[in-house]
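Biologist: Can you walk me through this one? I'm new to it.
Modeller: Sure, let's pull it up.
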Amino acid sequence: MDDHPKLIALAGVPNVGKTTLFNALTGLNQKVGNFPGVTVDKKSGWLSSTKNKIELLDLPGTYNIHPQSEDEEVVFNVLCDPNYPAQADAVAVVVDMSNIERGLFLATQVIDLGYPTAVVLNMEDLAKRQGVSLNKNLMERLLGVPIHIVSADKGTGMNDMKLAFTSGDFKVGKLSVDAKSLFEESKLNELQEEFNISIPYRALQLGKFLSLDKDVQNRIEKRQPIRTDLSGVNFSDIQAQETSIRHEIVEGLLRKTLKKSEAERPSFSRAIDAVVLHPLWGMLIFLAIMFTMFQAIFTWAEWPMDQIDQAFASLSSWVQSTLPPGMLTDLLSEGIITGLGGIVIFVPQIALLFAFLSLLEGSGYMARAVFITDRVMRPFGLNGRSVVPLISGFACAIPAIMSARTIANKKDKLITIFVTPFMSCSARLPVYIILVGLLFPSSSATFFNSKGMALFFLYILGILAALLSALALKYFMRSKKEGRLMLELPRYKYPNLKTVGLTVYEKSRTFVVEAGKIILMISVILWVLASYGPGNTMQEAAESVPQPLNPSQVEVQTYEAAVASNKLRASYAGRLGRFIEPVIEPLGYDWKIGIALICSFAAREVFVSTVATLYAIGDEDIKTLQELLSEETNDQGNPVFTPAVIWSLLIFYAFAMQCMSTVAVVYRETKSWKIPILQTVYMTLFAYGSSFLVYQLLS
Amino acid sequence: MLVELTADSLKINTLASIVGIEPNEDGNRLSEIGFYPGKKLVLVNAAPFGGPLAFELGNTVVALRRDEARLIRVSPLPELIHG
């Protein structure tokens, strides 16, 4: 090639070590974004050479170029749509050398698309161990493209390949399937002319795509109907014909070039699978792994989260005491720094979950987890891929929703994202503990005590709400056909730690940078609402509290707590609480609980601190809080927190969205406000309805 | 005589040869990922209660739901791989 390629696309079927290869080639010199219109990670990086800067684009792993999932749509768009923003100048197809046949199918398709191509045979070490020997020169001649034999894990052959990439060693190969043999030539010419594509096979693919899936079609840029008359063309037959020709060609090619010492023994992977996929042991192993992961996110993240909490708290008070007092200082210390702290605090959970998930993915276990749980999820319109996000939702919905990205089926991905926040996350626990404690003030420390039972019941409720909502969505979305499974169970191997590290870094960064903006904005708004009131009502509220005459330490504390309480009651948030009182009255709540609901919209655990401020309790000690709440009476002198009210609140907190970080992440993952808004409305209505029922039944 | 059945009704660890694939969209997809006439497969694992089936196909193992496996017509071969 004369011109050096500027953008090299890296294609390949799943599980050929493409990601490892990509990471080895680009290292930290990469960026992760999104392909336009879909929620598929777009990973690209730079190959530096002395003369040129070449971008390497890691395409999602797909078996072919016929788009049916979002992943395949991306590959199709990059390789076939001339109007797509990312246009590859050359394509490197990565093939698992120990299983060449499977990857060569895609390689011949890419060659037929007319791209300057190179084939990378990866996992040479494994192929060698399996007794594969290849006549590389002959294969290069038959395909007409350069072949590189490497092992990305071991690092062998990588330098030569990189050199070949940067010097532009890609060749337009020999056609395997002639588009003209598949399709009427005059129509083909018409298509080529219409799309202005010189390569017949590419024009055929685009024509097929545009005449098939209306749903997918709408999402690509070029929307006008195609002029070429394609009625009466059976593309499904053409595809079947193409597939069978291609398989024959690949088989023929391998017969000539590949020798395998035939010593088929039950492999290592198969021996592990006998246990891991066993109907009973497999399920137990899966549950044990999930339990460990859940525990880890729950408990290991606690310490760093506390540290982050304290660090931001002391930064906030440092700013407060150092800068001159005023609105700006308040905004900085209480609004912005506290808001930032509320973002960073999720990083330990996100990092831990993705460390676990990428270890499981990299070892090959994840596909087995899908295999084992597929049956359970099917009645709810989901597949096994949804299980991990849902279980992770017990710890925190934010990383859980981010992990739903691996679900290839768009509908399944959307349903999973929609229902995951119903799972009882760790932020609900403080609220549950306070309220359940009020419900059962004295409780024995036995294993099956009433508190424990109530907590367990709340967790079960979350699972039921998630699954039932998934079922309802399945009918609502009325998709014609069920999603597929068709999932490869890759060989077990040691996970690549570099890949794990990069995933953890990338997911944490994405959350902080992208979801963080929205979270910061909402938390500042909420802070303003809770800290300011109309006119000088706030000041009046503060002054209405009599100053202590003999300011002992206790009296000062009581005084300050009373001021804070009065101020919150007089603030905009306080007014909103009174404003929504008629709406929440049927749930058994008064306006003070209304304030707590509003303030905890940002994050449900804020309920505890808001209640503490509202009832002028200086410290947030749970015992004191519970005692005072149980003594709280309304204007008629009846207790406010009756069992009916407490249950109604528990149910509300179990089902309502009450987490702006989740809203922000859903926005980030679905690329629109439609889903997060629908979801928040749905969950709030669901919570309202359930709390209403519970209160009316119990009171 | 060759007995023909669909891949979902194979017994565990029986070797079978693929005879044909249902000519529809899902069938095409199966062919593309490697299930095509002439190839040999072995059912290696079956998830309980009508869950997915895992087929060894050459050097790979692919999990299919039962209704996906039903699109594959196979004829069992007498030899046992192992087990």
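Modeller: This is a predicted model. Start with two strands, β11(A) and β5(B), residues 60–64 of chain B: 3 bridges join them, and they run antiparallel.

Biologist: Which residue stands opposite B:Val62 there?
Modeller: A:Glu488 does, with B:Val62 sitting in β5(B).

Biologist: What does A:Glu488 form a salt bridge with?
Modeller: A:Arg102, with the closest N and O atoms 2.4 Å apart. The pair links distant parts of the chain: A:Glu488 is in strand β11 and A:Arg102 in helix α3, 386 residues apart.

Biologist: Is A:Glu488 buried or exposed?
Modeller: Buried, because its relative accessible area is 8%, under the 20% cut-off. A:Arg102 is buried too, at 10%.

Biologist: OK, zoom out. How many residues does each chain bring to the contact?
Modeller: Chain A brings 39 residues and chain B brings 36. Between them they bury about 3,300 Å², with 47% of it on carbon and sulfur atoms.

Biologist: Which residues of chain A lose the most area to chain B?
Modeller: A:Arg270, A:Phe371 and A:Met486, which together make up 23% of what that side buries.

Biologist: Does anything pair with A:Arg270, and what is it?
Modeller: B:Glu56. Their side chains meet in a salt bridge, 2.8 Å from N to O.

Biologist: How many salt bridges cross the interface of chain A and chain B?
Modeller: The rule finds 5. Over all chains, the whole structure has 21.

Biologist: What about A:Glu101, which partner does its side chain meet?
Modeller: B:Lys39, in a salt bridge of 3.3 Å, N to O. This pair crosses between chains, from helix α3 of chain A to the loop between α1 and β3 of chain B. A:Glu101 is partly exposed at 24% relative accessible area, while B:Lys39 is buried at 15%.

Biologist: And polar contacts, how many residue pairs between chain A and chain B?
Modeller: 19 residue pairs. On the side of chain A that touches chain B, α11(A) gives the most, with 6 residues. That side divides into 13 nonpolar, 12 polar and 14 charged residues.

Biologist: New topic. What does A:Lys18 form a salt bridge with?
Modeller: A:Asp58, with the closest N and O atoms 2.6 Å apart. A:Lys18 is in helix α1 and A:Asp58 in strand β4 of chain A, 40 residues apart. Both are buried: A:Lys18 has a relative accessible area of 6%, and A:Asp58 has 7%.

Biologist: Which residues are linked with A:Glu72 in a network of salt bridges?
Modeller: B:Arg29 and B:Glu32.

Technical notes: Residues are numbered from 1 along each chain as its sequence is written. Chains are lettered from A and ligands numbered from 1 in the order in which they are written. This is a predicted model: local features need pLDDT of at least 70, side-chain atom pairs count only at pLDDT 80 or more; totals for chains, interfaces and linings use all residues. Side-chain values use heavy atoms; hydrogens and water are left out. Contact means heavy atoms within 4.5 Å. Buried area is the accessible area (1.4 Å probe) that two parts lose on being put together, summed over both. A salt bridge is a side-chain nitrogen of Lys or Arg within 4 Å of a carboxyl oxygen of Asp or Glu. A polar contact is a pair of N or O atoms within 3.5 Å; within protein, one must be able to donate a hydrogen and the other to accept it, and residues adjacent in sequence count only if both atoms are side-chain atoms. Helices (H or I, at least four residues) and strands (E, at least two) are DSSP runs, numbered from the N terminus. Ala, Val, Leu, Ile, Met, Phe, Trp, Tyr, Cys and Pro count as nonpolar, Asp, Glu, Lys and Arg as charged, and the others, Gly among them, as polar. Two strands pair if DSSP finds at least two bridges between them. Buried means under 20% relative accessible area, exposed over 50%, partly exposed in between (1.4 Å probe, protein chains only).
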